[in-house]
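Visitor: I have a structure open and would like to walk through it with someone. Could you take my questions one at a time?

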Amino acid sequence: GAVAELAVDTLRELSKQQQPFFLAVGFFKPHLPFNAPKKYWDLYDPAKIELAANPFPPKNVTPYSLTNSGEIRVYEGIPPRGEIPPEQARQLKHGYYACISYTDAQVGKLLDQLDRLGLANDTVVVLWGDHGWKLGEHNAWCKHTNFENDTRAPLIIRAPGQESPGEKTRALVEFVDIYPTLCDLAGLAKPTHLEGTSAARLLDAPDTPWKPAAFSQY
C-alpha cells in the first residue's frame, strides 16, 4: 500500500516534466508472509477454497527435482517437514488469495492515476511476476523447482494503439523478451547484447506463429 501511494505521487511529479519517463514499481505481495488487510480476506469464503488436486510428485520424477518447501517452514506453526494439514493448507491458500487481491487493488490505483493525469493513452504498462508458486501441488509449497507451477508467471502488456487490446495469446513469451518489447513499443533502438525477442507484434496479432520453446533454470 505504501509503495502504491509513493508511485501515485511519483507519477504526478513525472507528469509535470512533460517528457518521456520510465517508472518501475515493485510490489512485495503475494510473497510470504500472507498478511493483508481484513477486507481482502473477507472476499473469500474459506469453505469454498479447494486443496490441490495433485498432491503427489510427478511420475518418474527424480528426487533432485523436488523441494522440501523450506521457504515456508521457517514460519510459526508450519510443520518442519512432511505434509501440511488440510485446514492449514486451506488457510494458507486463503491468505495467498487475499494478498493477490490486495496487490490487484494497488495496481488499480496506479492505472487510475494514469487516467487522471491523462497519461494512459501515451504510456506502456507491463505487469509481471517473477515466478509462479505451488500451493500444495506435488505435495509442495513455494517455488524452487522447474515444475510448470513455478515457471508460469503473470505477464500483461498494455500499449497505446495496440490492435487487439484485452486478448490473450498462447505464444511463449519469456522475461528476457520484455526489454526488446519495450524498446519496440517506445520506438527506441535495441542494444545488440539483448537475448530476448520482442513480443510487440503479438499485441496486434496474438495468433502470430512464435517461438517453439521457453527455457527456465533453477
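Below, a visitor asks about this model and a guide answers.

Visitor: What kind of model is this, and how many helices and strands are there in the protein?
Guide: Happy to start there: this is a predicted model. From the N terminus on, its elements run α-α-α-α-β-β-β-α-β-α. In total there are six helices and four strands.

Visitor: What does the C-alpha trace span along its principal axes, and what percentage of the residues count as buried?
Guide: The trace spans about 55 × 40 × 30 Å along those axes. Of the contacts with a separation of 6 or more, 66% are between residues 24 or more positions apart. Of the 218 residues, the share that counts as buried is 34%.

Visitor: How far apart are the end C-alpha atoms of helix α4, and what span should its residues give?
Guide: Helix α4 covers residues 86-116, which is 31 residues. At 1.5 Å a residue the helix should span 45 Å, and the distance between its end C-alpha atoms agrees, at 45 Å.

Visitor: Which residue just after α4 takes a positive phi, and which one does so just after α6?
Guide: Just after α4, the positive phi is about 70 degrees and belongs to Gly 118. Just after α6, a phi of about 70 degrees is taken by Gly 187.

Visitor: How many salt bridges are there, and are Lys 38 and Asp 42 buried or exposed?
Guide: The count comes to ten salt bridges. Lys 38 and Asp 42 form one of them, with their closest N and O atoms 2.6 Å apart. As for accessibility, Lys 38 and Asp 42 are exposed.

Visitor: Which parts of the chain does the salt bridge between Lys 134 and Asp 150 tie together?
Guide: Lys 134 is buried, and so is Asp 150. Their closest N and O atoms are 2.7 Å apart. Lys 134 lies in residues 134-135 and Asp 150 in residues 148-151, so the pair ties together parts 16 residues apart in sequence, namely strand β2 and helix α5.

Visitor: Which residues are linked with Lys 211 in a network of salt bridges?
Guide: Lys 211 forms a salt bridge with Asp 177, and the closest N and O atoms are 2.9 Å apart. That pair links distant parts of the chain, 34 residues apart, with Lys 211 in the segment after α6 and Asp 177 in the loop between β4 and α6. The network joins Lys 211 to Asp 177 and Glu 174.

Visitor: Why do Asp 177 and Glu 174 count as buried?
Guide: Buried means under 20% relative accessible area. Asp 177 is buried because its relative accessible area is 0%. Glu 174 also counts as buried, because its value is 16%.

Visitor: Where is Glu 174 found, and which residues is it in contact with beyond four places in sequence?
Guide: Glu 174 is found in the loop between β4 and α6. Leaving aside neighbours within four places, the contacts of Glu 174 are Lys 211, Ala 213, Ala 214 and Phe 215.

Visitor: Is Arg 152 buried or exposed, and how far is it from Glu 174 in space?
Guide: Arg 152 lies in the loop between α5 and β4, where it touches His 131 and Gly 132, not counting residues up to four places away. At 59% relative accessibility, Arg 152 is over the 50% cut-off and therefore counts as exposed. Although Arg 152 and Glu 174 are 22 residues apart in sequence, the C-alpha to C-alpha distance is 9.7 Å.

Visitor: Which element gives the largest share of the lining of the second largest pocket?
Guide: This pocket holds about 1500 Å³ of space and is lined by 40 residues, with Ala 153, Pro 154, Leu 155, Ala 171 and Val 173 nearest its centre. The elements that give two or more residues to the lining are α5 and β4. The largest share, four residues, comes from β4.

Visitor: How many residues of that lining are nonpolar, polar and charged?
Guide: Sorted by class, the lining of the second largest pocket has 19 nonpolar, eleven polar and ten charged residues.

Visitor: Which strands do the buried residues of α6 pack against?
Guide: The buried residues of α6 are Ile 178, Pro 180, Thr 181 and Cys 183. They pack against β1 and β4.

Technical notes
Residues numbered from 1 in each chain as written. Predicted model: local features only at pLDDT ≥ 70, side-chain atom pairs only at ≥ 80, totals over all residues. Heavy atoms only, no water. Salt bridge = Lys/Arg side-chain N within 4 Å of Asp/Glu carboxyl O. Buried < 20%, exposed > 50% of the residue type's maximum accessible area, 1.4 Å probe, protein only. Expected span 1.5 Å × (residues − 1). 1 Å grid on protein atoms, 1.4 Å probe; cavity = no way out; pocket = protein on both sides within 12 Å on 5 of 7 lines; lining within 4 Å. Points joined across faces, edges and corners; volume = space filled by probe spheres on them. Nonpolar A, V, L, I, M, F, W, Y, C, P; charged D, E, K, R; others polar. Contact = heavy atoms within 4.5 Å.
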